[in-house]
Amino acid sequence: MTLRPLVPALLTILLAAPLAAAPAPQPVTPEARAFAVGAMKVAALRDGEFLIPNDGKTFGVDAGVPAVAALLGAAGAPTDTIRVSVTALLVTLPGRVVVLDTGLGPAIGKLIPSLAAAGVAPAAVTDVLITHGHGDHIGGLVAADGTPAFPNAKVRMSAAEWTSIQATPGSAKIVAAITPQVVVFAPGDEVVPGITAIPERGHTPGHVAYELKSGRARLLDIGDTAHSTIVSLTKPDWVMGFDSDPAAGKATRRAELARLAASHELIFAPHFPYPGVGKVAAKGDGYVWVPTAL
Ligand SMILES: [Zn+2]
């Protein structure tokens, strides 16, 4: 089965109205849920939510629609769509205000009002860390008038991802707006004090996770290593249509979930049900989500 070209961005897909079964945005209320990682003040910023059709093009591409439907049904979820949250992270450090990913953008997303709910103005943000260049992660880098949404921030991403975004025609307006702000890094770098970029191969050319470290406390923002608590965790080996390299994507997902289940490390997953903070535990040949109450 061929994969439809799902790049450059989910936002592009969302705006591609002629598609019969495009992901459908759902209304959400702006919200910021605060918690701590050691001495770091962190908040999950609610941006949006959408329903992805179970049509064999995104989840379980190699498994087929009936198998995905059976898995969803067994979890008590609707069998015709997969519900996916979009959440960003706010981290407050001495002298730094850091936002990890920027959601869908002002036409759909609620990042800026959620940031306001956390008491932070966009102009106060010093660093924006991008996991990868899909539209549900970089859409919020520009305001409704096309100017940078975080005018005083450095926008940090891996060099490979910036190269990829610059080569994506659908991202041209965002590229033009943010180019003076962009600072690239190599995966493995400590990007700001206490936050290290971890390479996660397969989703996009330069996709990274971010590990927050404060004393003995840890939190891993897994980016798009996994999208659905039902499908991605129960069947990590199923092909994900948004992965640019599906074989690498599933190998990364399988290895990272095994490591996280063994380490009991706290994670943040932008697409898991809001606020997306919790742990993964091994179950049979797959994994289950153990959300943390915030
Ligand atoms: Zn995403």
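Arg254 is partly exposed, with a relative accessible area of 21%, and in this predicted model the side chain of Arg254 meets that of Asp285 in a salt bridge, 3.5 Å from N to O. This pair links distant parts of the chain, with Arg254 in helix α8 and Asp285 in the loop between β14 (277–283) and β15 (286–291), 31 residues apart. Asp285 itself counts as exposed, at 61% relative accessibility. From here, let's look at the other salt bridges, then at the zinc site, strand β4 and Ser158.

**Salt bridges**

- Side chains of opposite charge can pair when their charged atoms come close.
- Searching the whole structure turns up ten salt bridges, and the pair Asp285 and Arg254 is one of them.
- Asp243 and Arg253 form another, and their closest N and O atoms are 3.3 Å apart. Asp243 sits in the loop between α7 (231–234) and α8 (246–263) while Arg253 belongs to helix α8, so this salt bridge ties together parts that are ten residues apart in sequence.
- Asp243 and Arg253 are both buried, whereas Asp285 is exposed and Arg254 partly exposed.
- Glu31 and Arg33 also form a salt bridge, with 2.7 Å between the closest N and O atoms. Here Arg33 is partly exposed at 24% relative accessibility, and Glu31 is partly exposed as well, with a relative accessible area of 23%.
- Salt bridges also join Arg46, Glu49 and Arg83 into a network.

**The zinc site**

- Which residues hold the zinc ion as protein donors? They are Asp136 and Asp224, each through OD, together with His137 and His271, each through NE2.
- These donors lie 2.1 to 2.3 Å from the zinc ion.
- Along the chain, the donors follow the spacing D-H-x86-D-x46-H.
- The site is irregular, and the angles among its four donor atoms run from 84 to 165°.
- Two of the donors, Asp136 and His137, are buried.

**Strand β4 and its partners**

- Strand β4 covers residues 81–93, and ten of its 13 residues are buried, so the strand is largely enclosed by the rest of the structure.
- One partner is strand β3 (residues 40–53), which pairs with β4 in the antiparallel sense over twelve bridges. If you would like a residue pair to look at here, Val42 has Val91 in β4 as its bridge partner.
- Another partner is strand β5 (residues 96–100), joined to β4 by five bridges and also running antiparallel. Within this pairing, Leu93 stands opposite Arg96 in β5.
- How many residues lie between β4 and β5 in their hairpin? There are two, and Gly95 in the turn has a positive phi of about 75°.

**Ser158 in strand β7**

- Ser158 lies in strand β7, which spans residues 154–158.
- Is Ser158 buried or exposed? With a relative accessibility of 1%, Ser158 counts as buried, because the cut-off for buried is under 20%.
- A polar atom of the Ser158 side chain lies 2.8 Å from the backbone oxygen of Gly206.
- Beyond its neighbours within four places in sequence, Ser158 is in contact with Val184, Phe185, Pro187, Gly206 and Val208. Gly206 thus appears both in this list and in the 2.8 Å approach to the side chain of Ser158.

Notes:
Residues are numbered from 1 along each chain as its sequence is written. This is a predicted model: local features need pLDDT of at least 70, side-chain atom pairs count only at pLDDT 80 or more; totals for chains, interfaces and linings use all residues. Side-chain values use heavy atoms; hydrogens and water are left out. Donors are N, O and S atoms within 2.8 Å of the metal (3.2 Å for Na, K and Ca); water is not among the atoms, so sites may look incomplete. Four donors count as tetrahedral if all angles lie between 85 and 135 degrees; four count as square planar and six as octahedral if opposite donors are over 155 degrees apart and all others between 65 and 115; anything else is irregular. Buried means under 20% relative accessible area, exposed over 50%, partly exposed in between (1.4 Å probe, protein chains only). Helices (H or I, at least four residues) and strands (E, at least two) are DSSP runs, numbered from the N terminus. Two strands pair if DSSP finds at least two bridges between them. A polar contact is a pair of N or O atoms within 3.5 Å; within protein, one must be able to donate a hydrogen and the other to accept it, and residues adjacent in sequence count only if both atoms are side-chain atoms. Contact means heavy atoms within 4.5 Å. A salt bridge is a side-chain nitrogen of Lys or Arg within 4 Å of a carboxyl oxygen of Asp or Glu.
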